Structure formats: C-alpha cells, structure tokens
Amino acid sequence: MALGDAPATGGPDEETEDDALARGAGLEAFGESAETRALLGRLREVHGDRAARELAEERFRVIMDKYQEQPHLLDPHLEWMMNLLLDMVQDKTSPTALMHLAFKFLYIITKVRGYKIFLRLFPHEVADVEPVLDMFAGQDPKDHETWETRYMLLLWLSVTCLIPFDLSRLDGNLLTQPGQTRMPIMDRILQIAESYLVVSDKARDAAAVLVSRFITRPDVKQQKMAGFLDWSLCTLARSSFQTLEGVIAMDGTLQALAQIFKHGKREDCLPYAATVLQCLDGCRLPESNQTLLRKLGVKLVQRLGLTFLKPKVAAWRYQRGCRSLAANLQLLSQHRPEQQTLLVPSNCHEDDDVPEGVESVIEQLLVGLKDKDTVVRWSAAKGIGRMAGRLPKELADDVVGSVLDCFSFQETDKAWHGGCLALAELGRRGLLLPSRLAEAVPVVLKALTYEEKRGACSVGANVRDAACYVCWSFARAYEPQELTPFVTAISSALVIAAVFDRNVNCRRAASAAFQENVGRQGTFPHGIDILTAADYFAVGNRSNCFLVISVFIAGFPEYTQPMIDHLVTMKINHWDGAIRELAAKALSNLAPRAPEYSATHVLPRLLSMTRSPDLHTRHGALLACAELTYALYRLAAREGRPVLDYLDEDAVQGLRQIHLQLSERQLYRGLGGELMRQAVCILIENLSLSKMPFKGDTIIGGWQWLVDDTLRSLHLVSSHARQQLKDAAVSALAALCSEYYAKEPGEADPEVQERLIGQYLAELRSPEEMARCGFSSALGALPGFLLKGRLQQVLAGLRAVTHACPEDVGFAESRRDALKAIARICQTVGVKAGAPDEAVCTENVSQVYGALLGCMSDYTTDSRGDVGAWVREAAMTGLRDLTLLLARSRPELIEAHICEQVMCRVAQQASEKIDRFRAHAAGVFLALLHCDPPTPHVPHRAELEQLFPRCDVASVNWNAPSQAFPRVTQLLGLPAYRYHVLLGLVVSVGGLTESTVRYSTQSLFAYMKGIQRYPQALESFGGTLLQVFEDNLLNDRVSVPLLRTLDQMLANGCFEAFTAEEDHPFCVKLLALCKEEIKRSKDVQKLQASIAVFCGMVQFCGDVRRQALLQLCLLLCHPFLIRKTTASRAYEMVLTYSDVVGAGALDEVLAVLSDTAWDAKLPEVRVHRNRLCDLLGVPRPQLVPKPTNS
C-alpha cells in the first residue's frame, strides 16, 4: 500500500505485529524522564571510561528506541535534554571526547524525533554563528568514529544561518594583520557545505539541509546562488554512477538541488531551472542501478517542473464539500441533505501558457511510475499529483489519460503499481474528475485481483495493496453520489480482497479501505455488519478468512455470487496449492448460500476445468468438484432429498468420467502425477460419502486400482508430499469400501473381501518400506464388515510388520503405521467375547498387547535421529486406546501383569529426554490413571492419585523439563515404577540438552537427598541402579549416559552412606560392571565417562579403592588419547580425597601427574605410571605377552 496517511497494513509475522501494536498503544508519556536526566548528568564522569561510556550510550539508545512509534511523547522534554547536552558542548573546558559524546546523544534523540522538529530548539542567536563555525575547524571529515558530531554541527549551522541580518555585517574588519585576509563568513559556510556534500557518511544529508537554507537567503542568493548551482552542475557532469565516489558526490549534489528548488522562491530559481533540467537529462539517472539516485532524480525533476509552473490552486479541481468524518456521520444520522459538490465551471479564466520543459518533466515522471523500486514510483506519483494541480484542465486530463495507460496487460507489475499510486494521489487532490471515474474504477478493480506468475511464485501483492489505497483515497475524495454507480463493484471487490487475498497485508489493506468507504460514503451494503466480522485483526488469519468470515459475508445476497465467481475464476487455478485447497473448501461452505447456482453454473464450469492442460487448474478443479459435490449432498440430506435433485445426468456422468479421462491421458504419471493422484483420491472419498449411484459400475474397479497403485508406489513420491498422498488414498479407500463393497448392510461381498485382504496382506511383505506403510494404513482403515472372519489373519500380518528383523531394522515408519493400524482395527471391531476372528477378545488381546509393548523398546536410530521415537509414540497411543476401550467394555480382559507393564513402560517414556514424546507419554499415563470407569490393576493407584491429582492435569506443561522432571522423579518412591523410571532418568541426566540435563539432575538429586536418612531405601535404590546397569551392559544408548549419571551422583555424595563399610556390595558390583563395560572399548566418550566414575569410587574404602586406582593407572597407558584426561581427573581426585595418598607422597604424586608428558611414547609413559603405582600402593600392571602362532 502507499505511504503517508494510508490505512495501516500488517507484516508477515502477524502475531508479533499485533503484540507490538498493543504494547505501543500503552505508552502515554515519557516515563524515563528522571533516569534520562540522571544519565545525561553523569556523562562528564563516564566519558573517560570506555566501558561506562558504552554502557550509558547503550542504555540511552534503549530508552529512545522505545519511543520510535510515538516520538511526540518526547516533545515536552526535548528542550531540557538539548540544554544539558549543549552545555557540555559550549563549555570551553570540556574535553574533546565529552563533546563528541554529547553530539552522539543529540543524534540519538534526532534519529527518533526527526531533525525538523529538533532544529528549531538549537540556539540561533547572532552570537552562535562564529562558535559553531569555529567548531568545524577541529573536525576531520574522514574520522568515521565522530560523524554524529559533524552531522549535528551542520544542522546547527543550518538554523543559525537564518539570522535576519546580512551576513557581511558579521565579518567586521577582515584585515587582521598586514598581508593576511580573513575569509568572509558567507564563504566559510559555503565552503563547509560544499565539502560535506561529497562525504560518505550521514553528514552529507545535513549538508544538503544547510545548503537549502543558506543559498536561499536574500543576501546569499544574489552573490552565491549562480556560483553554487554552477559548481553543482559541474559536479554532476563529472561524476559517474558507476563508481562509489561518483555515487556519493551525485547523491549529495542532487539532495542539495532538490532542497534548494523546494525551499527557494520561484522567481529566484526559475532562471536556472531549464539549465538544471538539461544537465539532469545528461546524467541519464534512470539507467543507474542506484535506487537512491533515481529517487533523487525524480524528486529534483518534479521540483523543477513545479518551478516552471506558477503556484496556484487549480480552479477546475473537484472539491468535496464535507471532509470531516464526524460531520459526515452527523449529517447521515440527522438525514440532512448533503452539501453539494463545488465545481467551478471549466470556462473559468486560466493561463493556458505552459512553459517549455513541463512536457519533459511529466514524461520523466511517467517513466518514473514504472521504475523497478517502490520509493522511486512513490516519489513519481506524488510529483504527478503536484504537477497536475498546476496544469490547465485539458493538459491535466491528458496526464490522467497517460496514467491510465499504465494499466495495460502489456505493462509490468511495476507500471500497475505506479499507476495505482498516481491515481490515488490524483484522486486525493481532487484532480481526477468524476467524469474519469468510469475509466478509472474498472482498472482499479482489475488491480485489486492483479497477480502474475513468475516461476514458482507470483508478483502483484504490491499492486493489489496499492489498489486498496486507491479505493481508500476515493472514499475520502468524492461525494457519495459520485461513487454510487460503482458501489456494488467496489464493495464486492474490496470484500473479496479482504477475505480471499493470499497476502495478509493486502487483506488488511482491503479491510481498511472497506472501513473508510463505510464511514465516509455510507453507501456500502451491510457495511457495519461486515466490518464487525472482517476487521483488521480478524482478516489476519487466512484459514479463518476463507472458511469462516466468507460464509458470514456470503449470507448477504449482494456478495454471494461475486465471491463464488472469484473463487472459481481466480483461486481454483492459483499457483499456491494451499490457496487451491482453501478455495475448494470455501466453495463447499458457500454452496448452501447459493445451491442452485452452484449446481447449475459452478459445477459444470469446474468439470470443464478438470480437462485443462494446466496442472494447477486441473488440481484445483478436482478438489472443488469433490468438495462441492459433498456439500450439495449434505444440503440435500438435511432437506431429506437425494443428491440427484441437485445434480443432473450430465454432472453425474462428468464426475464419473474424470478418472477415465485422466488415466487415458496418462496424467497420473510424470510431472504433476502426485497432485492428480491426491486430488482424485479426495474426489473418490467425497463421491463415496455423497452416495453417488455407482454401485456395481466399472468405475469402482478403476478407483480401486488407483488407490492400490498409489499405495504401492509411495516410494516414488517426493518425501514432502508422501504423507499427504498416503492419507488421501487411505481415506478414499475407507469411504469406497464402506459405500460400494457391502453386499448387505454389515455384510461384505466374499469375493471382494478375499481379494482385497489377501492382496493387502501380501503387500505387507514388500521390500519397499513405503509400500508396507501404505498397506498397513489401508488395512487399518477397512470397515468392520470387511474384517469380519479375517481379523486374526490381519492382526498376524500387522504384528509381523512390527517385528524388527535385521534386514528391515530401519523400517521405523512401517512399524509405526502397523501399530496405528492395529489400534485403529481394535477400535473398529470393538470387544466381543469368544469371537477372535471378529473382535477383540480373550483369545487375541494378549497378542495385541504383546505387539504394542514390544515396540515400546524400539530405539532405532539413523541419519534422521531417533526414528524409533515414532514407533514408541504410536505404541503408547495404541496402548492408551486399547486399554480405555477394554476398561469401558470388558475390564476383566486387562490382566494385572499387562497393566503393570503398560504403566511402567509409559512412565519410563515420561522420564526420557525428548520433550515432545515425554509430554505425549505423560498424557497417556494420566489418561490411564484418571479414566472413567477406572482402569483395573493400576499399581499404586492411591499414591499415584495423590502425586498426580486430576485437578492438576491441565495446568502442567509436560514439554517443559522444569515442570516435568520434579513430578516424574516422585515415581522413584514406588517400587513397581522405580526400575523403568530410573532407566528413563539416567538417559536424561546423562544427556546433552542443557535444560533437560539441568532439571532432571536437580530432581534426581532432590530425591536422593530425601532418602539419605533411610538406609533401606538407599540400598533398594542402589540395587535398582545396578540392575539397570547390568541389563544394559554394552548398550551404549543407556550405558554411556549411565556412567555420566554415576559420575554426578558420586561427586555429589549420593552414596556417602556406603563409604563407612569396607567393600560394600554396591561398590563391589558397581566396580565390576564398570570394568566389564569398558573392556576392549574403543569409544572415547565411554572411556572418559568411566574415568570420572573410577575417580569418584576412590571415596569408598578397602579393595574397591585399590581396584579403582589400578583401573586409573591402566588408563594412564591406554593406547587411545585419553591419558591426559585420566591424569587431569586423577590430579583433581587426589586433591579432593586427601586420604588416598599419604602426606609424604602427596607432593610427588601431584608432580608426576602434572609434569609428565602423558602423550609421549608408551615406554616413556610406563616408567612414570609405574612410579605412580608404587606411590599409590597398587601393584604395577604387567604386560601380557601376545600369543604366538605355533
């Protein structure tokens, strides 16, 4: 959308922007006044300390940046802030560093408030001119650290040079000494300005401001204007936009010229305008790739054009009588006659003599409307508006005609955007007469839907946004009666843009334009009702717009048909697949508002579009046919009528022929085949749900072939589309079977059942993982009557898929889908006693539980990470659904040992390291605990209900480690859960994620601290820990984190109670397990973790200590590069446990550990290691001779 006072539009991140708006609206005053005053007062103290200076500067930036959106709140405080800072600048005793710091703070304020407001606060007495000029003497234009000083000094000079006295009076006696002449002040200022117009920093902008104010002084313009303009034109002529130096020089010069022709009097500038224009033409700025130069060129051109034309208000312009919104609403509420539009007759006296150069200026501005950058187009549009306001009516009308020529489909999106901006400017200024609205409104309506595909995306969002700005400006510019002929078209177009545009900025801009029209015109049908539903924030969510707001607006008959037509014409064939899907669903939702129109006009159009050669059109049309047919079926069902009352024979046959036509043209293969398969699967599903009269038709076989072939060839589909295609095919199969394969209600056709299930079970043994996934899901989606009599066979086939064999251990996705299918089948067939081939019962329930529980220990990993987590998640979901099903219908089928395994395995997952799966496990655990009726045989139910009360279930965020682990760790106190929870916890405590490690460690240590006073509980915990270690020996997934966990527990004194007893059984077994774990290991991580554990075990007495020291000595000569790590940890251990080494040997032990080059050759290292063994009192390790082959 255009700039200025246009309606606000949103950004790409909608929630963030809304939050920012809410925060911005909360500022009511400058709340940091006292802090700022103190901060500025401390500058004299901190300017010499770099750290303190940077801290103060950063804090001041933070305070000021807070008011970027509401800078006017600073206005009452600007004066005292400036005075404090200028006092430091004007103080002769201030160090140079303090002066630069003060100017830096002044710049920060200027950046927020803008220099125009700030300028008038600078001291601008006669006495200030000389001091400011003198300050420039010590400035280095090439010092990039102090550019803020030069920028602020130039601004200060630009206001002091406005003193109402001839500057020559300030020169006094220029002859200071014989033979020496002091430079006049006028020359000094001009020299400073010219020198800073070509610098590379922001001082260049301030120099342009200085020039515009200085050169236009009455006394200066007579002497210096011609010379400065000559210097400027020479600078432009010798500069090239191909070089950096040339770009900088041209930038400063163009800024200065534009400012001069803006602020100077016309009669002063007019003699030079033609020359400047001629020089500007010679610069060929439109060919430059520098956006800023092209923008400044356009700005200067329009200023030259305005100089050519006399300043006047066009007598012929359109003037709206009542501009006040409040007055407009009051007039409407009081039903008073509207003020009449004031139009001066066109034959009123005008000076038709247009100077030379104006035509060239307008031509350049029209070219600028088509520039590739928005800022250039926007500047050109404003120039067009300003110029047209000074032209005679006929010439201005020609300009309008030229602007309308931008709206040609031979033109680019840039020209359309520039044309919209220009139209808005012309309309806003009353220069687009009502007689031109008949030509302008149609092109604006086209611009509201403008979109041009470019490769994989499109352009045109800026055009649509600017078109909304045009509509917004028209609402403010014209009386209601002028726009009355176009109200229907504009209102429908704005509603469509507000609801159906892909871009959030455009939707919000259209909503704002609609709101402006409702408020100022008062003629839009149902305007207030629509605004309430489609306000700025409501249209931020695209799905909400397409599926909810559109239905409400379509309830008003004026908008129903235009909305439907727009979806069919513009959105069904959209390049973005998400828009096509939303458009199809929107058509489905709008069908009840116009059922006859949808059936007789829309559906035939869609059927013809399914034969289009364009892929996107075919895809969208197929989706729309599917959704619209099902919507008409639902509508007919509510009315108690068959769907054929809405669909004629041609429509039914057209729907039937779709698959055959696509198959004949081989459109299921090659490019776009995935989209076609997915769309036709959705069509099959919706036609089946709509009970189309195809039972026994040959088309059913074609549909079945498509579903089977799609599931069989999933491995050929791109990975990002695979899941969506599989889901569509499975849903289509479920609906197809339910509608067309039932011989009688609840009874399957035996031939179809045999063929279908036999084929699908055979496909479960496919060597392709994706085929297993697809047919597992397909079996899970079959209706109950097809499973009757074949349930055991189907469950056996799916259970076989869940078993991980060596050749398919990486097929985690197939195991996941098989588990989901088993759980879904159980829900489909239900529970029934004594019928193992028809429902879940005593004979097969244990097999189902066995398959689900067996997959709870799937920790398969590959290049994607822990893919076994998908399997475990599906297993947990299946266990929950099956257990709740049995608890509701046949709780006696849940055996005690099965229930205990389920709860313990789920509790283990709830204590592991991946946040999402931990949260899912916690949800399953609590669902089983708190289900109604209660799950039988839950271990420690009473204690669990105290630990996890039902009222706290919703308030805990199990994704957050800080909330999850303190609760899960409490399960360690329940014997039935201790083993599995500890197994999960050690993986979390010894993991890598910082937050998981921190909170799991804290929770575990808190529990350990609580049982220190209870020897029996500590012994029991230690035994469980050893059992976990023993069961997972050489299982690196558990053993390495377990060693890290043991290191932390030993270092924190968790087993200090065992140090009193020599060779405590826990310590002896722990040592043996550690030695077994690292035997012949080449895993550096495992060896490093074991070093820490051996060091921690030195705290135990007896043989355990000697064996731990011996292991450390062995590791000091390990062939892998862990010797230095071992020495470092041993050094810390000796210092920590002072009783390990006698006082006499301590210094030598420390010296050997610290001074030895442990990465030297082994024979050298062994000498020092053996000496260390002697000092520690452990036997020297002996080399075992390698066996020789005899």
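The expected span of a helix is 1.5 Å times one less than its number of residues. Keep that rule handy for the first view, and remember throughout that this is a predicted model.

**View 1. Helix H18, checked end to end.** How far apart should the ends of H18 be? H18 covers residues 374-388, and its 15 residues should span 21 Å at 1.5 Å a residue. The end C-alpha atoms are 21 Å apart, so the helix agrees with the expected span.

**View 2. What wraps around H18.** Is H18 largely enclosed or largely open? Here 11 of its 15 residues are buried, so the rest of the structure largely encloses the helix. Among the buried ones are Arg377, Trp378, Ile384 and Met387, and small residues such as Gly383, Gly385 and Ala388 are on the list too. The cover over these buried residues includes helices H15 (291-308), H17 (358-368), H19 (393-404), H20 (413-428) and H22 (461-477).

**View 3. The largest cavity.** Rolling a probe the size of a water molecule over the atoms shows where empty space is left. Searching the whole structure turns up eight cavities of 30 Å³ or more, and the largest of them holds about 100 Å³ of space. Its lining has 14 residues, with Leu448, Thr449, Arg464, Asp501 and Lys571 nearest the centre. Helices H24 (487-500) and H28 (557-571) each chip in at least two lining residues. The lining is a mixed bag: six nonpolar, three polar and five charged residues.

**View 4. The second largest cavity.** This one has a volume of about 70 Å³. Which kinds of residue line it? The lining has 10 nonpolar residues, one polar and no charged ones. Leucines turn up again and again, including Leu1109, Leu1112, Leu1153 and Leu1172, and Cys1113, Thr1126 and Met1133 also line the cavity. H53 (1103-1115), H54 (1123-1136) and H56 (1162-1176) each supply at least two lining residues, with H54 giving the most, at four.

**View 5. Two cysteines without a disulfide partner.** A disulfide is a covalent bond between the sulfur atoms of two cysteines. How many does this model have? The count is zero. Take Cys931: the closest cysteine sulfur, in Cys899, is 9.1 Å from its own, which is too far for a bond. With a relative accessibility of 13%, Cys931 counts as buried. Cys1067 is in no disulfide either, as the nearest cysteine sulfur, in Cys1101, is 8.9 Å away. Cys1067 is buried too, with a relative accessible area of 1%.

How values were computed:
Residues are numbered from 1 along each chain as its sequence is written. This is a predicted model: local features need pLDDT of at least 70, side-chain atom pairs count only at pLDDT 80 or more; totals for chains, interfaces and linings use all residues. Side-chain values use heavy atoms; hydrogens and water are left out. On a 1 Å grid over the protein atoms alone, a cavity is a set of points where a 1.4 Å probe fits but cannot get out, and a pocket is an open set with protein on both sides within 12 Å along at least five of seven lines; lining residues have an atom within 4 Å of a point. Grid points are joined across faces, edges and corners, and a volume is the space filled by probe spheres set on the points. Ala, Val, Leu, Ile, Met, Phe, Trp, Tyr, Cys and Pro count as nonpolar, Asp, Glu, Lys and Arg as charged, and the others, Gly among them, as polar. Buried means under 20% relative accessible area, exposed over 50%, partly exposed in between (1.4 Å probe, protein chains only). Contact means heavy atoms within 4.5 Å. A disulfide is a pair of cysteine sulfur atoms within 2.5 Å.
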